[in-house]
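Please look through the sequence and the model shown here before reading on. The paragraphs that follow take up one part at a time, with a question wherever a closer look may help.

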Amino acid sequence: MAGLQLGDDVVVARPTGEEISGVVRFVGKTEFSQGTWVGVELPEAAGKNDGEVKGVRYFECPENCGLFVKLAQVVSRNGEPFEVVKAEEIFNRLTDPTKYTGSHKQRFDEEGRGKGKAGREDKQEHATKGYVTGFSGGTDKTVSSQAASVTDRLTDPTKFSGSHKHRFTPDGKGRGKEGREDVPDQSGYVRGFKGKELASPSAKAASVTDRLTDPSKFSG
């Protein structure tokens, strides 16, 4: 026996013995009579109303396409009867902590008592372990060991490069102003010339003077 829901295609058995198909638009209590009633929208004007009875609107449909019948008069298209889930049954399911899932399961204990702030706030793993949530290797290390590893890399002068390499000595000591400012190359050679270490500026200047003052090299 299936539960009757809005939108179900059903077959209505009328008191005359006639059967007519329709779609469920309402299920519940009404003001015009006691008990549970099913409001059905018919495909043609073979009903008694448009979903409104005695000034109370229960659903909307074209004029004379609405019909209210008892649950016992309604079956599914394949002839199976329906059952209506009572409000107290729905309430019991919604308040049963053993059926909670997702965030509700985290916010309540097994007896249905709220866990307070601990249940309302998400636990951020990265805030306590230093890793992105879900990282499989995060349980093998601690924050202190990870922080130490980062500190070691940042303070190891043998790993310095670029401007950091110029500003610190191999021992990790700062070079002061000399390390912060660019020192002009006074060697007389083009920057990057590999042979400038082989000759001093004075020797280079003497070589230039000799060539300029040697009459054997004069021309023109």
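In which loop, and between which strands, does T30 lie? In this predicted model, T30 belongs to the loop that runs between strand 3, residues 19–29, and strand 4, residues 36–41. Although T30 is in a loop, its relative accessible area is 13%, so T30 counts as buried. Once residues up to four places away in sequence are set aside, T30 touches G35, W37 and Y58. The side chain of T30 also reaches the backbone oxygen of S33, at a distance of 3.1 Å. A further view of the surroundings comes from V53, which is 23 residues from T30 along the chain, while the C-alpha atoms of the two are separated by 9.2 Å.

With this loop in mind, one can step back to the whole chain. The protein chain has 220 residues, of which 20% count as buried, and it contains eight helices and nine strands. If one takes the contacts in the protein chain between residues at least 6 apart in sequence, 29% of them join residues that are at least 24 apart.

The next stop is E41, which has its place in strand 4. Is E41 buried or exposed? The relative accessibility of E41 is 19%, and because buried means under 20%, E41 counts as buried. The side chain of E41 makes a polar contact with the side chain of R25, at 2.7 Å. Leaving aside neighbours within four places in sequence, E41 is in contact with G22, V23 and R25, and also with E60, C61, P62 and C65.

One of these partners, E60, lies in the loop between strand 6 and strand 7. Whereas E41 is buried, E60 is exposed, with a relative accessible area of 63%. Apart from neighbours within four places in sequence, E60 is in contact with E41 and D50. E60 can also be placed relative to F26, since the two residues are 34 apart in sequence and 9.8 Å apart in space, taken from C-alpha to C-alpha.

Two other partners of E41 are the cysteines C61 and C65, which raise a question about bonding. Why do C61 and C65 not form a bond with each other? The sulfur of C61 is 5.8 Å from the closest cysteine sulfur, that of C65, and this is too far for a bond, because a disulfide needs the two sulfur atoms to be within 2.5 Å. C65, for its part, is in no disulfide, the nearest cysteine sulfur being that of C61 at 5.8 Å. The structure as a whole holds zero disulfides. Both cysteines are nevertheless buried, C61 with a relative accessible area of 13% and C65 with one of 7%.

The backbone deserves attention at two places. K54, in the loop between strand 5, residues 52–53, and strand 6, residues 56–57, has a positive phi of about 55° although K54 is not a glycine. With a relative accessibility of 75%, K54 counts as exposed. N64 has its place in the loop between strand 6 and strand 7, and its phi is near 65°, again a positive value in a residue other than glycine. In contrast to the exposed K54, N64 is partly exposed, at a relative accessible area of 30%.

The walk ends at a pocket, the second largest in the structure, which has a volume of about 200 Å³. Which residues lie nearest the centre of the second largest pocket? They are R14, K48, L67, F68 and V69, which belong to a lining of 14 residues. Strand 2, residues 9–13, and strand 7, residues 66–70, each supply at least two residues of this lining, and strand 7 gives the most, with three residues. By character, the residues of the lining divide into nine nonpolar, three polar and two charged.

How values were computed:
Residues are numbered from 1 along each chain as its sequence is written. This is a predicted model: local features need pLDDT of at least 70, side-chain atom pairs count only at pLDDT 80 or more; totals for chains, interfaces and linings use all residues. Side-chain values use heavy atoms; hydrogens and water are left out. On a 1 Å grid over the protein atoms alone, a cavity is a set of points where a 1.4 Å probe fits but cannot get out, and a pocket is an open set with protein on both sides within 12 Å along at least five of seven lines; lining residues have an atom within 4 Å of a point. Grid points are joined across faces, edges and corners, and a volume is the space filled by probe spheres set on the points. Helices (H or I, at least four residues) and strands (E, at least two) are DSSP runs, numbered from the N terminus. Ala, Val, Leu, Ile, Met, Phe, Trp, Tyr, Cys and Pro count as nonpolar, Asp, Glu, Lys and Arg as charged, and the others, Gly among them, as polar. Buried means under 20% relative accessible area, exposed over 50%, partly exposed in between (1.4 Å probe, protein chains only). Contact means heavy atoms within 4.5 Å. A polar contact is a pair of N or O atoms within 3.5 Å; within protein, one must be able to donate a hydrogen and the other to accept it, and residues adjacent in sequence count only if both atoms are side-chain atoms.
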